[in-house]
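I opened my notebook to go through this structure one piece at a time. Here is what I looked up, in the order I went.

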Amino acid sequence: MLYRLPLIAFILALCIAPFMLHGYPMLMLNYVGLSVIVVLGLVLLTGVGGLTSFGQAAFVGMGAYAAAWLTTTQDWNPWLTLLAGLLLTTVAAVVLGWVTLRMSGHYLPLSTLAWGIAIYLTFGNSQTLGGQTGITGIPPLSLFGWQLTESWQFHILIWAVVLSIIWTVHNMLDSREGRAMRALKGGTLMAEAMGVNTTRFKIILFVLAAQYACVAGWIYAYMQRFVNPTPFSLGQGIEYLFMGVVGGIAELWGGVVGSFLYALPREWLHSHLPSLLGRSGSFEGIIFGVLMIIILQRAPEGLWPHLHRLWPRRVSAPDALSNAAAAPLDSRLRPARGELILQLNAVTKRFGGLVANNAISFEVRAGEVLALIGPNGAGKSTLFNCISAVSPPSSGSIRFLGKPVERCDSRKVARMGMSRTFQHVRLLPRMSVLDNVALGAHLRGRHSFVASAWRLDRAQEQRILATARDALERCGLCEKAHLPAGSLPLGQQRVVEIARALAADPSLLLLDEPAAGLRYLEKRELGILLGRLRKEGLAILLVEHDLDFVMELADRVVVMDFGEKIAEGLPQEIRRHPAVIEAYLGGVGDAA
Ligand SMILES: Nc1ncnc2c1ncn2[C@@H]1O[C@H](COP(=O)(O)OP(=O)(O)OP(=O)(O)O)[C@@H](O)[C@H]1O
């Protein structure tokens, strides 16, 4: 309960604010609230999804102009203009998102700059929208016959919207859908391998952020009763991003704190600096520029994580008791031991003139560990990528559980029961171990983000967490469930990746160099774990450089060199195979 005190204090402060503040301070608090609404969208987009946008002010403008134009010229009911604004923003965000979100690196922020400018110029140059003068004479907003004309009335509306957004987004992030959204930061390769449709989630985040901005613009229009293009400029879009960064863009409360810490001092400096300096001018921009640099240097994650450290902590682990009774998700029917799981037939992969894999064929059966080994550059990772549908082979066939998969994408093969780990660990370091593992069960759940926002997914969520806990228990890491994944040593992080793959309930486990960077004892424990999984009937294909580890664990070994399969057999046969000795040691001694 103690950890809730700051939240209760904040809500109480909001409740008593209308009695304490009047006139300009009240209006300022409303402006801060409107900024919070926009910044919360940016927390979702940038902090959660890792997508940077400078163009949110344009969506605020769409909400404001839709309200202003439709009420003044078409005599629409103000609440209908909200629906129209949301529809307009959604369509614009889907179209813009579809075009820009597939761009990576600096192209995305640059394209948000471009649309921010374009939409702003449209407002200023359109005679229908009143050009630079804008639209005046917007009628007051009324609710149940009650006209909203006073600042304190808007205060209630604005902060009710803020708190609802915080509550629904908090719920959403604490769910299957939220984990999928957060997985975007782990890179497309990992997220897609877990079955997350990354394009869909990027667009959802983009649309939600645009809709929040639209709501802020809509309220702004009825609060001001006139609109012009100035508040929707690119500069304002950049300021919203600053607010998020100052507060801590990765956290919802960071967005709230950032809006307060940015908007209030800025306004104070704007009004007082000219008199302090004895000349007029916008000097606050200079001071803010310097402050931004200091904050970015001293607190790159924003101020909220530092403030949060002062907060009373939640004592019990979040789901320790709540999901104790929930049953794990239903498992798929496992293939019988010895059944054919994976079959490669003459798989060839070319990169231009280079043949990275040349007509490779082998099989993996249920309940066996097949190791793929070979010197550097032999073509193992390329083949691994073909099997896990990261890139299609140039020719040849790959059949998984009897079905061709060489033209499938990662999500499809994940859905069919193929799950993988990565050579370079790809966990979400700030997320708990349990949540990371639960991401593996993404495809086994159904509920949408709307259901999650309203907590209608709790029964399913409990089962997903029970499944994740089950997978952690199989891997012997249950007691680490609530630690941030990034705080674990590398060896345990690799095991967490295996647990995440197990949460998908796979028939085939693909492990990419699972023993890399592990110490002797960690390797032994990993060997015991994989041996146990084999006993459970899982088929395991691993790419590995550590020959001792491979020879002790694998049932069969496939050896590659220069893109060719040079040997296949039992570990003891491979050890003495002349071609393998030649490839590894240049013809001297034993392969391991
Ligand atoms: N995307 C690519 N474009 C061009 N060539 C590539 C590409 N990916 C891999 N190759 C080449 O294919 C060959 C096989 O590389 P691959 O990474 O599959 O080998 P590997 O056996 O996994 O090596 P390592 O053990 O060092 O990871 C190498 O010559 C590599 O340079």
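**Entry 1: a stretch of helix**

I began with residues 152-173, where the chain is 100% helix and 0% strand, and the C-alpha atoms at the two ends lie 31 Å apart. I kept in mind that this is a predicted model. Next I checked the UniProt record, an unreviewed entry, which lists a "transmembrane region" at 152-173 and also at other places, including 241-264. So I looked up residues 241-264 as well: the chain there is 83% helix and 0% strand, with 16 Å between the end C-alpha atoms.

**Entry 2: the whole chain**

I stepped back to see the full picture. The protein chain has 592 residues, and 47% of them count as buried. I found 23 helices and 12 strands in the chain. Along its principal axes, the C-alpha trace spans about 85 × 55 × 50 Å. I also looked at contacts with a separation of 6 or more: 74% of them join residues 24 or more positions apart.

**Entry 3: domains**

How is the chain divided into domains? The assignment gives domain 1 (25-232), domain 2 (335-417 + 506-591) and domain 3 (430-503). I noted that domain 2 is written as two segments. The centres of domain 1 and domain 2, taken over C-alpha atoms, are 49 Å apart. Where these two meet, 6 residues of domain 1 are in contact with 6 residues of domain 2. On the domain 1 side, the touching residues are 3 nonpolar, 2 polar and 1 charged.

**Entry 4: an open sheet**

I followed four strands next. They form an open sheet in the order β4-β3-β6-β7, with antiparallel pairing. β4 and β7 (403-404) are at the edges with a single partner strand each, so one side of each has no neighbour in the sheet.

I then went through the pairs. β3 and β4 run antiparallel and are joined by 8 bridges; one residue pair to find is K349 in β3 with its bridge partner N357 in β4. These two strands make a hairpin with 2 residues between them, and G352 in the turn has a positive phi of about 60°. β3 (residues 340-351) also pairs with β6 (residues 395-400), in the antiparallel sense, over 5 bridges. There I picked out L344, whose bridge partner in β6 is I398.

**Entry 5: around the ligand**

Which residues surround the ligand? I wrote down F351, L354, A356, G374, N376, G377, A378, G379, K380, S381 and T382. The elements giving two or more residues to this shell are β4 (354-365) and α14 (380-387). α14 gives the most, with 3 residues. Sorted by class, the shell has 4 nonpolar, 6 polar and 1 charged residues.

**Entry 6: one residue up close**

I finished with A504, in the loop between α19 (490-503) and β9 (508-512). Is A504 buried or exposed? A504 is buried, because 26 other C-beta atoms lie within 10 Å, and 20 or more is the cut-off for that label. Leaving aside neighbours within four places in sequence, A504 is in contact with A414, S419, G440, A441 and L443. I looked again at L443: along the chain A504 and L443 are 61 residues apart, yet their C-alpha atoms are separated by 7.3 Å.

Terms used: Residues numbered from 1 in each chain as written. Predicted model: local features only at pLDDT ≥ 70, side-chain atom pairs only at ≥ 80, totals over all residues. Near = placed C-beta within 6 Å. Nonpolar A, V, L, I, M, F, W, Y, C, P; charged D, E, K, R; others polar. Pairing = 2+ DSSP bridges. Domains from an automatic or database assignment. Contact = placed C-beta atoms within 7 Å. UniProt positions renumbered as here; feature names shortened; annotations may be inferred. Buried ≥ 20, exposed ≤ 12 C-beta atoms within 10 Å, placed from the backbone.
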